[in-house]
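Here is a small set of exercises with worked solutions. Keep the sequence and the model open beside you as you go.

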Amino acid sequence: MSDPRERFEDLLVEAMDGLPDWVRERLENVEVLIEEEPPPDQPNLLGRYEGIPLTRRGANYFGVLPDRITLFRRPIEGATRRGRTDLKEVVQHTVIHEIAHFFGISDDRLRELDRY
């Protein structure tokens, strides 16, 4: 049996590789990370985008630290144990959700689109 951390990483790579070309081409200066746990004050957080969304980048956007998309392994695995869906689907959904924030799409807009 494979290590759960390796399987999770493989699913993340698969989710990123499965993104449309036009999305992957725009993911410049973005790193994607896996952490075991979210911040203590947000124990159910599955993922987080930190950075400057494309919609807010102007001519002065250069020399900045990379944006970060972080997936939190334990809450994502916990969501699958609670019957939400399978691990691959939750990882894919979380990746897409956080990339939507990179493109400047808010949680409210994702709810309107029924894609939260």
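**Exercise 1: a loop residue**

Asn29 sits in the loop between α2 (21-26) and β1; helices (H or I, at least four residues) and strands (E, at least two) are DSSP runs, numbered from the N terminus. This is a predicted model, in which local features need pLDDT of at least 70 and side-chain atom pairs count only at pLDDT 80 or more, while totals for chains, interfaces and linings use all residues. Residues are numbered from 1 along each chain as its sequence is written, and side-chain values use heavy atoms, with hydrogens and water left out.

Task: describe the phi of Asn29 and its exposure.

Solution. Start with the backbone: the phi of Asn29 is positive, about 60 degrees, although Asn29 is not a glycine. For background, most residues other than glycine have a negative phi. Next, take the accessibility: the relative accessible area of Asn29 is 29%, so Asn29 is partly exposed (buried means under 20% relative accessible area, exposed over 50%, partly exposed in between, with a 1.4 Å probe and protein chains only).

**Exercise 2: the whole chain**

Task: find the order of helices and strands in the protein chain, then compare its radius of gyration with that of a compact globule.

Solution. First, count the elements: the protein chain has five helices and three strands. Reading along the sequence gives α-α-β-β-β-α-α-α. Then turn to the overall dimensions: the C-alpha trace spans about 50 × 30 × 30 Å along its principal axes. A compact globule of 116 residues would have a radius of gyration near 13 Å, and the 15 Å of the protein chain agrees with this (the radius is taken over C-alpha atoms, and the globule rule is 2.2 Å times the number of residues to the power 0.38). Finally, 34% of the 116 residues count as buried. Of the contacts between residues at least 6 apart in sequence, 67% join residues at least 24 apart (contact means heavy atoms within 4.5 Å).

**Exercise 3: what surrounds α3**

Task: work out which residues of helix α3 are buried and what covers them.

Solution. Helix α3 runs over residues 73-81, and its buried residues are Arg73, Pro75, Ile76, Glu77, Gly78 and Ala79. Their cover includes α1 (4-17), β1 (30-35), β3 (67-72) and α4 (87-102). For contrast, look at Arg81, which is also placed in α3: its relative accessibility is 65%, so Arg81 counts as exposed.

**Exercise 4: three helix pairs**

Task: give the angle and the axis distance for α3 with α4, α1 with α3 and α1 with α4.

Solution. Axes are lines fitted to C-alpha atoms, for helices over the stretch in contact, and angles run from 0 to 180 degrees between N-to-C directions.

Step one is α3 with α4: the axes come within 9 Å and cross at roughly 130 degrees. The angle therefore makes α3 oblique to α4 (under 35 degrees counts as roughly parallel, over 145 as roughly antiparallel, 65 to 115 as roughly perpendicular and the rest as oblique). Ile76, Glu77 and Thr80 of α3 meet Leu87, Val90, Val91 and Thr94 of α4. By class, this contact has four nonpolar, two polar and one charged residues (Ala, Val, Leu, Ile, Met, Phe, Trp, Tyr, Cys and Pro count as nonpolar, Asp, Glu, Lys and Arg as charged, and the others, Gly among them, as polar).

Step two is α1 with α3: the angle is about 90 degrees, with the axes 12 Å apart. This makes α1 roughly perpendicular to α3. The contact is formed by Pro4, Arg5 and Phe8 of α1 together with Arg73, Arg74, Ile76 and Glu77 of α3. Sorted by class, three are nonpolar, none polar and four charged.

Step three is α1 with α4: these pack at about 50 degrees, with their axes 9 Å apart. That makes α1 oblique to α4. The residues in contact include Phe8, Leu11 and Leu12 of α1 and Leu87, Val91 and Val95 of α4. The contact as a whole has nine nonpolar, one polar and three charged residues.

**Exercise 5: a strand residue**

Task: list the contacts of Glu31, leaving aside its neighbours within four places in sequence.

Solution. Glu31 belongs to strand β1 and is partly exposed, with a relative accessible area of 33%. Its contacts are Pro66, Asp67, Arg68 and Ile69. As a last step, check a distance: Glu31 and Leu65 are 34 residues apart along the chain, and their C-alpha atoms are separated by 9.8 Å.
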